[in-house]
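Hi,

Here is the structure I said I'd pass on to you. Have a look at it first, and then read on for what turned up.

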Amino acid sequence: MMTLDETARAILTGNDRGGYTVPNGRVYPFQWNWDSAFVAIGFDSFDPDRAWAEIETLFRAQWDDGFLPHIVFWKDDEGYFPGPSVWGTAFDPMTSGITQPPVAATMLRRLWDNARARGDAPAFRPRLEALFPKLLAWHRWFRDVRDPDSRGVVIATHPWETGRDNSPEWDAPGEPIDVSNVGDYVRRDTSHLDAKMRPTKLEYDRYLALVQFGRAKGWDQAEIARTNPFQVADVGMSMILLRAHRDLLALAAELGRAEEAHELQQMITRAEGGIDWLWDEDKHCWSSRDRLTGRFSGFVTSASFLSFYAGLHDPLKDAAMLTHFERIGAKVQFLMPSLDPDDPGFQMIRYWRGPVWAVVNYMIGLGLAECGYDAQAQRVRRDTAELMRRNGLYEAYSPIDGTGSGGDDFSWTAAIWLAWARDAA
Ligand code: DGY
């Protein structure tokens with residue numbers, strides 16, 4: 001019988017395709033952006049060289065303007081839809097035309113801190129030097145292309161960019177998307193997984209309509225940002241980018257890059273000054289907001305709890321979020337559900353409408369611990385470990401009874417076990 005450590009390592013090495021790791025061989029057979037960044041911290045627990053390679057490979061697919069795609073199609077695979085021919089981007093390697101939550105700087109900082117702690121920072125320093133400008137270019141891209149109102153938030157142009165594909169946060173902003181010309185297509189996700197866990201047909205039609213829109217614009221990101229029918233300030237990406245700016249600033253300081261440090265400090269100041277645009281005073285929570293209508297989603301989701309990870313220290317808002325934390329914690333066996341269980345739309349195993357994701361728990365737990373909310377941080381970490389011990393390393397889990405949801409043998413869940421959950425108190 002393998003230990004969970006051994007199983008987790010075997011998942012990562014089994015999903016390794018040579019320099020990059022697929023999230024799950026059947027459901028997600030390519031390199032995904034934020035998956036890879038989390039996967040790197042898992043590899044780092046037993047193979048640091050391979051950990052750095054994961055992020056290096058991802059950035060080999062960066063476009064000239066700094067944009068970093070959400071999928072890199074290093075090799076085609078018919079088991080996935082929509083594949084490279086549907087996206088039709090003109091980049092080599094083939095990629096999708098949208099991005100994903102920018103966790104890479106934060107995970108790279110962790111790799112660097114670990115290298116220093118092991119005493120082998122000199123060996124990794126040239127690799128850090130090479131990656132730093134690429135990360136900075138991506139952060140600049142967010143500032144220049146995805147923050148048209150200079151508020152210090154991130155405007156998502158596709159639900160898949162947020163990583164929380166079918167969160168109810170996208171229902172109202174998705175209504176104006178015209179799906180009448182989407183045409184026929186065959187989904188592959190529902191042949192691998194129970195349709196009860198997956199987004200609905202209407203949601204998929206909207207995903208595809210947005211892909212077709214971007215393709216018709218020749219994936220001109222500035223034009224898409226101006227004219228896309230879906231433009232939502234995502235609370236998750238906004239908090240994650242603010243946090244990533246702070247980590248990139250720390251790396252700039254390590255490398256003695258004073259000018260870049262100054263620029264990053266300006267990005268942080270802008271985000272700290274503008275992020276209150278995502279505070280919903282009626283619902284007393286952080287939530288996403290439609291840029292086109294100004295309307296809040298009004299949902300308490302797991303992303304609402306990323307304010308701690310973002311390093312926002314606002315006593316009144318923290319207290320309000322901790323009240324939500326206690327209320328939700330009393331309702332579920334395992335924190336943190338992707339949707340408030342008091343919401344009528346809560347579904348315990350349908351993607352992003354209920355299940356718990358280990359990567360989100362990692363960010364929430366880290367943030368709570370850094371802000372001194374130790375009891376809450378420990379609960380999130382213990383619940384994550386318990387889900388994995390009882391059920392194996394699934395993509396996500398029911399917060400009610402721990403049932404695995406989505407793919408099994410999931411790379412980023414294995415990584416979070418190795419890098420964080422296994423040491424839960
Ligand atoms: C999918 O295909 O379901 C992915 O989540 C897109 O990133």
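One bit of vocabulary before we start: Ala, Val, Leu, Ile, Met, Phe, Trp, Tyr, Cys and Pro count as nonpolar, Asp, Glu, Lys and Arg count as charged, and the others, Gly among them, count as polar. Also keep in mind that this is a predicted model.

Let's go to the ligand. Its surroundings are made up of Tyr28, Trp32, His70, Tyr80, Trp160, Asp165 and Arg198. Sort that shell by the classes above and you get four nonpolar residues, one polar and two charged.

Which side chains come up to an oxygen atom of the ligand with an N or O atom? His70 does, at 2.9 Å. Asp165 does too, with 2.5 Å between its side-chain N or O atom and a ligand oxygen. For Tyr80, a polar side-chain atom sits 2.5 Å from an oxygen of the ligand. On its own the ligand has 230 Å² of accessible area, and the protein covers 95% of that. The space the ligand takes up is the largest cavity.

Now the sheet. Strands of a sheet pair through backbone hydrogen bonds, either parallel or antiparallel. Here three strands make an open sheet, ordered β1-β2-β3, with antiparallel pairing. At the edges are β1 (31-32) and β3 (94-95), each of which pairs on one side only. Strand β2 covers residues 71-73 and is joined to β1 by two bridges, the two running antiparallel.

One residue links both parts of the story: Trp32 is among the residues around the ligand, and Trp32 also stands opposite Ile71 in β2.

Cheers

Note on methods:
Residues numbered from 1 in each chain as written. Predicted model: local features only at pLDDT ≥ 70, side-chain atom pairs only at ≥ 80, totals over all residues. Heavy atoms only, no water. Near = heavy atom within 4 Å. Polar contact = N/O pair within 3.5 Å; in protein donor to acceptor, adjacent residues only side chain to side chain. Areas by Shrake-Rupley, 256 points an atom, 1.4 Å probe, with all protein chains shown as cover. 1 Å grid on protein atoms, 1.4 Å probe; cavity = no way out; pocket = protein on both sides within 12 Å on 5 of 7 lines; lining within 4 Å. Sits in = over half its atoms within 2 Å of the grid points. Pairing = 2+ DSSP bridges. Helix = DSSP H or I, 4+ residues; strand = E, 2+ residues; numbered from the N terminus.
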